[in-house]
Amino acid sequence: GQEMTWIDRLTVHINEAKGLTCSSHGSNPDCVLSLQLLSKNPVPGLNVTFETSLTPNCRNTVDPKFNEMCMLDVANAADSQLQVVLWDRTAPADAPREQSFLGEVLLNIGKLEPYAGREIEQIFDVRKSNWVGPTKAISGKLFL
């Protein structure tokens with residue numbers, strides 16, 4: 001028989017970021033944020049990615065205010081991570097990733113399980129990443 005997979009729903013309020021790094025050409029970035037649930041055993045057909053829209057509050061600033069909500073499907077909380085990446089849309093589309101990369105935050109979803117059903121607000125340090133080439137200094141805080 002087929003194993004039942006319980007699907008949890010993770011609601012993320014993407015509030016704002018502060019003190020991000022300027023873009024590679026020295027100007028303030030146009031910032032979008034992409035979220036992706038990474039799982040060791042992904043279940044096909046689930047909603048696991050989201051990207052914020054580029055609003056006036058996120059253009060030409062190192063302190064973008066996103067103020068967006070998204071819901072993602074979590075199949076296996078214990079082995080899932082939420083990868084949140086900040087991107088600069090002023091970089092040309094064909095530019096190497098490290099030119100538009102503004103930093104990332106990785107969250108272990110399993111650690112959120114005790115808080116199921118409750119709202120928690122946290123501030124995260126934006127970090128460098130191994131999957132992006134050598135980047136300049138990465139800085140900033142992300143409010144989720």
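**Figure legends**

A residue is called buried under 20% relative accessible area, exposed over 50%, and partly exposed in between (1.4 Å probe, protein chains only).

**View 1. Overall fold of the predicted protein chain.** The model is a prediction, in which local features need a pLDDT of at least 70 and side-chain atom pairs a pLDDT of 80 or more, whereas totals for chains, interfaces and linings use all residues. Numbering starts from 1 along each chain as its sequence is written, and side-chain values rest on heavy atoms, with hydrogens and water left out. The protein chain contains one helix and eight strands (DSSP runs of H or I with at least four residues, and of E with at least two, numbered from the N terminus). Read from the N terminus, these elements follow the order β-β-β-β-β-α-β-β-β, with 40% of the 144 residues of the protein chain counting as buried. Of the contacts in the protein chain (heavy atoms within 4.5 Å) with a separation of 6 or more, 69% come from residues 24 or more positions apart.

**View 2. The largest pocket and its lining.** A pocket is an open set of points on a 1 Å grid, where a 1.4 Å probe fits, with protein on both sides within 12 Å along at least five of seven lines; lining residues have an atom within 4 Å of a point. The largest pocket has a volume (the space filled by probe spheres set on the points) of about 690 Å³. Its lining consists of 24 residues, and those lying nearest the centre of the pocket are Leu10, Thr11, Leu112, Arg118 and Ile120. Strand S1 (8–18) and strand S4 (65–74) each contribute at least two residues to this lining, and the largest share, six residues, is drawn from S1.

**View 3. The salt bridge between Asp73 and Arg9.** The count of salt bridges (a side-chain nitrogen of Lys or Arg within 4 Å of a carboxyl oxygen of Asp or Glu) comes to six. In one of them Asp73 pairs with Arg9, and their closest N and O atoms are 2.9 Å apart. Asp73 belongs to strand S4 and Arg9 to strand S1, so this pair ties together parts that are 64 residues apart in sequence. The two partners have contrasting surroundings: Asp73 is buried, at a relative accessible area of 10%, whereas Arg9 is exposed, at 56%.

**View 4. Glu16 and Lys65 within a salt-bridge network.** A salt bridge joins Glu16 to Lys65, with 3.4 Å between the closest N and O atoms. Because Glu16 lies in strand S1 and Lys65 in strand S4, the pair ties together parts that are 49 residues apart in sequence. Glu16 counts as buried at 12% relative accessibility, while Lys65, at 42%, counts as partly exposed. A network of salt bridges links Glu16, Lys18 and Lys65.

**View 5. The salt bridge between Lys141 and Asp125.** Lys141 forms a salt bridge with Asp125, in which the closest N and O atoms are 2.3 Å apart. Lys141 is found in strand S8 (residues 141–143) and Asp125 in strand S7 (residues 123–125), and the pair thereby links distant parts of the chain, 16 residues apart. Lys141 is partly exposed, with a relative accessible area of 37%, and Asp125 is likewise partly exposed, with a relative accessible area of 37%.
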